[in-house]
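Trainee: I would like to learn how to read internal space, helix packing and backbone geometry in a model. Where should we begin?

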Amino acid sequence: MAIVICAGFSLTIANALQCVPVWAELVEPVPGYAHCTDIITLYLSSAPVHISTDLMILALPIPIITQMRLPRKQKIILVVTFSFGAFVAAVDVVRIAYLEQAFQIQFSSDGAGRVSITDDFSWSASLCFLWSAVEVHVGIICACVPSLKPLVAKTLPNLLRDTKEPHDVSGMMSSAHGIGAGGGMVNVADFGQSSPRNAGSLGITGLPSNPKDKEYEDTRLSKEINGPNESQPQKSSQDEIGLMDFLTTPEMRSPKLNRASTALTNTTHKTTATNFGFYSMDSKKPMTKLSNKESILPLAYVTILFFVWGCAYGFLNILNSRFATVAGFGSGQMVGTHAAYYAGYAIGPFLPGWWVLKRGGFKATFVAGLCIYAAGTLVFWPAAVLLSFPAFIVSNLIVGIGVSVLEVGANPFIALCGPCAYSEARLNISQGVQAIGTVLAPLLAERVLFRTVTDTTSLINVQWTYLGLSLFAVALAVIFSYLQIPEASDEDFAEIAEKRSTVYSTLIFGKITVVHLTLALGVFAQFCYVGAQEAASVAYTGYINTVDTNSQLDAFDWQTVGHTVFAVGRFLCAALQLFMKPRRILLLLFIGMIITSALCMSLTGQSAIAALTLYELFQSGVFSFIYAISLRGLGSHTKIGAVWLSAAICGGAIFPVIRNPVINGQGYSYSFCIVLAPVVFGALFPLYLEAVPAAKKQVDPIYQHKPVLPVQQGDEPRTDSRGSFTSNLSEKVKSRFKRNREDTMVEHIDG
């Protein structure tokens, strides 16, 4: 309600102060020195707010209804009734389409600005006003739908009555008697013979039971089932009728039974579910204790989010370039829009991300991130209409905040859901799926969606693409809110870390624990790595056009090849962990990045493009290794560590801004020094892991396997070079195992 009030008040003030000076709005024609904002532009700019509030009001009661303990059919009726509000949102979209048509009638674009065609606003926006009236009346109709319940109950009684529920009093037994499980007498009134309801479970004899209808049984057991209480006043027919009376019929209500106490009804039902707002997450065990097989399904769910923000990143890159071309922005403004996206990582993890993750868990973080991302995509709408650079900056910033909140939850979830030894491999696989999104989305945007975006009108048409992305994000948020996703508390993470507390509590330089120093250096390395990655990315096509002017492929095709190599590299890094320790793979990747970025500074032609492609290969798995290694052993501080590692991605907002003036002054090849420098500084992290013994013990994964033979006192266990549990077995141990097995077989035969 606060959002609706604030948005309405802001739009009213904007309409009232449409012109500067204000009195110029009342003069016809408008004086030349006056500056007025077109009313259609204001209406189009407010469209995202209208759609967002419609969707929020539509979705607000649905989680509450679905959590109510009601029969399934009654619950469906309630959801459908409240879902009629979707017609209001649909009419709002139609109205906006006619607003867009009015805008195209009233304005045209010559590539440099807008030229007015007609000042007859009432004619150009007439259909828009018509649909505005339709929107209001459709809302009134939807609000009146519950009042149609008596008519529907009279004409279509089977539509409201659940077939599993008892029918009306005709054909019912006036009374039935049975002996309850506790020995008392049970009186059954108004109970239909054609639909007996789990009589055995209630202690009622003489009635067949229906074990399949568990939901109805749970509904009845949740209430006090007694006959009419004479001491309580009966409800008068003149009493006010509530919403539930409109939406339900007497046949949909549970029968009242007089029954004796039974063992079942006296049992206290305990639950271990953890409630986060509307979401009930009842997982049998925390995600830190899941096996590789058990973690496959939740990991697959969350990997979908990686693909979503990979597509978002790809779409934004192409749209930024198109928007800059239409609006006439320079290279500095293009870099500014890119920096705004990554500036969201300095805000999102600490404000909404940390608060939601701490209080709501991983699932709530996913839902919050998707909703913020949806709001950001809608803000592009007024940015395209106004051709406003500040509005486009705001759109990119909100999208960045939404994706950063997603990463606060998704990256640690992938790294920590399952055995800790495979954290890096899991994260590389999911990040590889995200990289596939960065390959497919630019191809779709460049070749299909944004191919004809060359002027203002075509740019406005792109808003429907972003409306689709926004609705998809909202739908994904709704789906995730009902998925059963495992969680883990700070105590669960502390329990895992306690197993190696001696290693994790080792002091470095006598002052700081090894896990905190590793986290600090990991955050710094992540900041440098992402900064170098984005500094190379924003000038990718410009570098190729400069170093090789005779290539048969254009710069976009070469960039697609580089992104494909990047995606394949992440899957290769996940497989490489089967043969090497993660810290050593990370060191090799940094060495490769240093060599290839230095070659990009000195080479030209196809050799330079090959070096740039190899750079994409070497940088592919760095993010996942830094993230998973830095989280290992943090215990109860794991979530705040994930927040800092996600915030370190804001390095992508800084180094591209630094490289842009170097490109203008020294050229693309020399400017690769801005890529090389953060890579060199980031390499301090894997060097630290190799040089400090305590850090080696902390970050090296331990692959635990069940020993094949029993180990008794005197047979000292040891670990192999990869940390695998083995035992120094002698012939004596082998013979003892053989003897124990033979004794077991004899006992089995004797039994």
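Mentor: We begin with the cavities, and we keep in mind that this is a predicted model. The count comes to five cavities of 30 Å³ or more.

Trainee: How is empty space inside a protein found, and what volume does the largest cavity have?

Mentor: A probe the size of a water molecule is rolled over the atoms, and this shows where empty space is left. In this model, the largest cavity has a volume of about 350 Å³. It is lined by 22 residues, and those closest to its centre are Tyr 313, Tyr 342, Gln 434, Gln 533 and Glu 534.

Trainee: Which elements give two or more residues to the lining of the largest cavity?

Mentor: They are α13 (296-327), α14 (331-343), α17 (423-449), α22 (514-538) and α24 (555-576). The largest share, five residues, comes from α22. By class, the lining has eleven nonpolar, seven polar and four charged residues.

Trainee: How are two packed helices described?

Mentor: By the angle between their axes and the distance between the axes. Take α23 (residues 540-547) and α26 (residues 605-618): their axes are 8 Å apart and the packing angle is about 155°. Angles over 145 degrees count as roughly antiparallel, so α23 and α26 are roughly antiparallel to each other.

Trainee: Which residues make that contact between α23 and α26?

Mentor: From α23 they are Tyr 540, Tyr 543, Ile 544 and Val 547, and from α26 they are Gly 605, Ala 608, Ile 609, Leu 612 and Glu 616. Seven of these residues are nonpolar, one is polar and one is charged.

Trainee: At what angle do α30 and α31 pack?

Mentor: The angle between α30 (residues 673-682) and α31 (residues 684-691) is about 20°, and their axes lie 5 Å apart. The cut-off for roughly parallel is under 35 degrees, and α30 and α31 are therefore roughly parallel to each other. In the contact, Val 680, Phe 681 and Gly 682 of α30 meet Leu 684, Phe 685 and Pro 686 of α31. That contact divides into five nonpolar residues, one polar and no charged.

Trainee: Now the backbone. Is the peptide bond from Val 20 to Pro 21 cis or trans?

Mentor: That bond is cis, with omega near 0°. Pro 21 sits in the loop between β1 (19-20) and β2 (35-36).

Trainee: And is phi positive or negative at Phe 509?

Mentor: Phe 509 has a positive phi of about 60°, although the residue is not a glycine. Its place is the loop between β12 (507-508) and β13 (512-513).

Trainee: Last, which feature does UniProt place at residues 1-16?

Mentor: The unreviewed UniProt entry gives "signal peptide" for residues 1-16. In the model this stretch is 94% helix and 0% strand, and its end C-alpha atoms are 23 Å apart.

Terms used: Residues are numbered from 1 along each chain as its sequence is written. This is a predicted model: local features need pLDDT of at least 70, side-chain atom pairs count only at pLDDT 80 or more; totals for chains, interfaces and linings use all residues. Side-chain values use heavy atoms; hydrogens and water are left out. Axes are lines fitted to C-alpha atoms, for helices over the stretch in contact, and angles run from 0 to 180 degrees between N-to-C directions. Helices (H or I, at least four residues) and strands (E, at least two) are DSSP runs, numbered from the N terminus. Angles under 35 degrees count as roughly parallel, over 145 as roughly antiparallel, 65 to 115 as roughly perpendicular and the rest as oblique. Contact means heavy atoms within 4.5 Å. Ala, Val, Leu, Ile, Met, Phe, Trp, Tyr, Cys and Pro count as nonpolar, Asp, Glu, Lys and Arg as charged, and the others, Gly among them, as polar. On a 1 Å grid over the protein atoms alone, a cavity is a set of points where a 1.4 Å probe fits but cannot get out, and a pocket is an open set with protein on both sides within 12 Å along at least five of seven lines; lining residues have an atom within 4 Å of a point. Grid points are joined across faces, edges and corners, and a volume is the space filled by probe spheres set on the points. UniProt positions are given in the numbering used here, feature names are shortened, and annotations may be inferred rather than shown by experiment.
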